[in-house]
Amino acid sequence: HLVSKHQGGEGGPSLDKLGGLGQAAWNKTKSRVKKAVRDIADHLLKIYAEREATRGYGFSPPDEMYHRFEAAFPYEETEDQSRAIEESLFDLVRERPMDRLVCGDVGFGKTEVAMRAAMKVVADNKQVAVLVPTQVLAEQHRISFQRRFEAFPVTIESLSSMRSAGKNKEVAAAVAAGNVDIVIGTHRLLSKDVKFKDLGLLVIDEEH
């Protein structure tokens with residue numbers, strides 16, 4: 001009943017029979033899928049090959065200020081968290097464009113991984129942009145970043161629709177002048193009026 005209900009009909013998917021003409025159609029579909037997968041794989045390989053061949057900015061190794069920031073972390077790093085931090089720092093020091101995905105459940109400590117990378121970038125006098133999916137998260141991150149960096153000479157701001165148009169304009173001007181080290185925001189960060197003086201790291205916080 002379930003199969004007959006969902007085959008054919010207006011807007012419903014068609015099912016191939018495994019035999020005769022149906023088998024031929026199935027084989028044709030498999031061939032198309034295989035070609036599409038090969039094309040995607042070829043495209044990804046080309047992108048990564050170009051990235052490896054491209055020269056990027058190599059940040060300096062962790063300095064005294066970074067180690068003070070590291071020591072100020074009020075918790076004990078987990079093994080996975082420590083590895084993610086070390087690998088992120090390795091990427092930053094390499095003279096290749098950084099492209100790292102950090103996955104983890106709620107409570108993994110991904111925000112601290114991002115903060116460590118941000119501190120290394122700011123220590124080299126470059127700016128950091130943190131792109132988040134919602135306005136609420138932008139404000140939450142602004143508060144948590146400011147608390148974490150409060151003992152250090154780092155200026156943190158946010159851009160979102162939750163702030164007034166005047167405040168957003170003020171922050172955008174400060175970012176362009178290089179007076180903001182870390183700016184957190186929604187897609188507002190991608191607006192044409194937001195220009196960075198020297199962007200060194202883009203962090204994308206995405207739930208999916």
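Which pattern does the protein follow when it is read along the sequence? Thanks for coming, everyone; let's take that as our way in. Along the sequence, the pattern is α-α-α-α-α-β-α-β-α-β-β. That comes to seven helices and four strands. Please keep in mind that what we have here is a predicted model.

Two overall figures before we zoom in. The protein has 208 residues, and buried ones make up 32% of them. Then, if you take contacts between residues at least 6 apart in sequence, 71% of these join residues at least 24 apart.

Let's start with helix α5, residues 110-123. With 14 residues at 1.5 Å a residue, α5 should span 20 Å, and its end C-alpha atoms are indeed 20 Å apart, so the expected and actual spans agree. Is this helix largely enclosed or largely open? Twelve of its 14 residues are buried, so α5 is largely enclosed by the rest of the structure. The buried residues include charged-letter names you may not expect on such a list, so let me read a few: among them are E112, R116 and K120, along with V113, A117 and V121.

What do the buried residues of α5 pack against? On the helical side, their partners are α3 (64-71), α4 (79-93) and α6 (135-149). On the strand side, they pack against β1, β3 (182-185) and β4 (199-204). Right after the helix comes N125, with a positive phi near 65°.

Now to the strands, beginning with β3. I182 and I184 point one way from this strand, V183 and G185 point the other way, and all of them are buried. That fits a general habit: in a regular strand the side chains alternate between the two faces of the sheet.

Strand β3 has pairings with both β1 and β2, so let me take these in turn.

With β1, the pairing is parallel and runs over four bridges. One place to look is A129, which stands opposite V183 in β3.

With β2, residues 156-159, there are again four bridges, and the two strands run parallel. Here S158 has I184 as its bridge partner, and L159 has G185. Strand β2 is covered on both faces: I156 and S158 are buried on one side, and E157 and L159 are buried on the other. If you trace the chain from β2 through helix α7, residues 165-177, and on to β3, you have followed a right-handed β-α-β unit.

Let me pause on one residue, Q127. Where does Q127 sit? It is in strand β1, which covers residues 127-131. Q127 counts as buried because its relative accessibility is 5%, below the 20% cut-off. Its side chain reaches the backbone nitrogen of K197 at 2.9 Å. Leaving aside residues up to four places away in sequence, Q127 touches a list of others, including V121, V175, F196, K197 and L201. V121 is also one of the buried residues of α5.

Last stop: the aromatic rings. How many aromatic pairs does the structure hold? There are five. One of them is Y57 with F59, an edge-to-face pair at 4.7 Å centre to centre, with 80° between the planes. Which of the two is buried, and which is partly exposed? Y57 counts as partly exposed, because its relative accessibility is 45%. F59 is buried, with a relative accessible area of 5%.

Another pair is F145 with F149, and this one is stacked: 6.0 Å centre to centre, with 10° between the planes. Both residues lie in helix α6, four residues apart, about one turn of the helix. In general, an α-helix has 3.6 residues a turn, so residues three or four places apart point the same way. F145 is buried at 2% relative accessible area, and F149 is buried at 1%. Ring pairs also link these two with F69 and F152 into a cluster.

To wrap up, here are the places I would point to on the screen. There is α5, largely enclosed by the rest of the structure. There is β3, paired in parallel with β1 and with β2. And there is the cluster of F69, F145, F149 and F152. Thanks for listening!

How values were computed:
Residues numbered from 1 in each chain as written. Predicted model: local features only at pLDDT ≥ 70, side-chain atom pairs only at ≥ 80, totals over all residues. Heavy atoms only, no water. Buried < 20%, exposed > 50% of the residue type's maximum accessible area, 1.4 Å probe, protein only. Polar contact = N/O pair within 3.5 Å; in protein donor to acceptor, adjacent residues only side chain to side chain. Contact = heavy atoms within 4.5 Å. Expected span 1.5 Å × (residues − 1). Pairing = 2+ DSSP bridges. Right-handed = clockwise from strand over helix to strand, strands pointing away. Phe/Tyr/Trp six-rings, centres within 6.5 Å; stacked < 30°, edge-to-face > 60°.
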